[in-house]
Amino acid sequence: MPREFEITYNAKNIYDDWVYDAHWQFLIIPVENENQYEVEIEFSNSLFANTEYSINGYGFKTLRVHPKKKFKEITFEAKFKFLKEEVDPYNFKINPDISAAYNELHNSDFKITHERFLKSTSFTTLENKQEQLFLFDNSISIFDNLEALNLYIFKYIKFTSGVTEVGTPLKQIITKKKGVCQDFTHFFCALARTNGVPTRYVSGYLDQDSGYVGGSQMHAWAEAYIPEIG
């Protein structure tokens, strides 16, 4: 049986001077797939500006707002309802012939198809010597390497709030070895892509079902595409 979830998202922006022309694009709509569906959306703002719906270049639904009058303060509220199936993310089999998946990583068609999740970005750029921090062991599966990479980053970076910002470069994070979820994610994406695995940054809410502190806060994690698995 699917479970019903509700999420309420609030944001408030305050400015010292009058703002005459502003554009927002919110990427906060829960993704819809085979195990998460029937997403209902309510979205409002304190200026009663119209909300436009669109799909960005990655295929995700977005909310766009462009107020027509000047302001110094604006608040946003979004409410989402959806159904979600319980899924075992480890419910897959790894081909005993692990060379097949590695061969796919080097296939030109594969690289073209996943190009946007393989290239470096301003948040995943590594210096040459940093690209050598974690190299895949081709004697084990890609999935096992990604698990090892996850453990490596967990040991490398100490979770510390307040030491980084949204735009903190990866070089600084690697040097200081401190950061939060977004920094762990950027580091993981950078090293996974260096090893040829398409990887992307994901944000949302964790259903921890255990009362952990922070369960109601937005979180960031990485998603990797593995040949023959998905």
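I will talk through the aromatic ring pairs in this predicted model, and then through two lysines that sit over rings.

A pair of aromatic rings is described by the distance of the centres and the angle of the planes. In this structure the count comes to 17 aromatic pairs, and I would like to go through two of them with some care. In the pair of Phe92 and Phe143, the ring centres are 5.1 Å apart and the planes stand at 80 degrees, so the arrangement is edge-to-face, given that angles over 60 degrees are classed that way. This pair links distant parts of the chain, since Phe92 belongs to the loop between strand 6 (71-84) and helix 1 (99-105), while Phe143 belongs to helix 3 (residues 142-156), 51 residues apart. As for exposure, Phe92 is partly exposed at a relative accessible area of 26%, whereas Phe143, with 17%, counts as buried.

My second pair is Tyr152 with Tyr156, which is tilted, with 5.7 Å from centre to centre and 40 degrees between the planes. These two tyrosines are four residues apart in helix 3, so about one helical turn separates them. Here Tyr152 counts as partly exposed, at 22% relative accessibility, and Tyr156 counts as buried, at 17%.

Staying with Tyr156 for a moment, we find Lys177 lying over the face of that ring, at 4.9 Å from the ring centre. Lys70 is placed over the face of Trp18, and there the distance to the ring centre is 4.5 Å.

Finally, there is a cluster, in which ring pairs link Tyr9, Tyr15, Trp24, Phe26, Phe43, Phe71 and Phe76.

Terms used:
Residues are numbered from 1 along each chain as its sequence is written. This is a predicted model: local features need pLDDT of at least 70, side-chain atom pairs count only at pLDDT 80 or more; totals for chains, interfaces and linings use all residues. Side-chain values use heavy atoms; hydrogens and water are left out. Rings of Phe, Tyr and Trp (its six-membered ring) pair if their centres lie within 6.5 Å; planes under 30 degrees apart count as stacked, over 60 as edge-to-face and the rest as tilted. Buried means under 20% relative accessible area, exposed over 50%, partly exposed in between (1.4 Å probe, protein chains only). A charge sits over a ring if NZ of Lys or CZ of Arg is within 6 Å of the ring centre and within 35 degrees of the ring normal.
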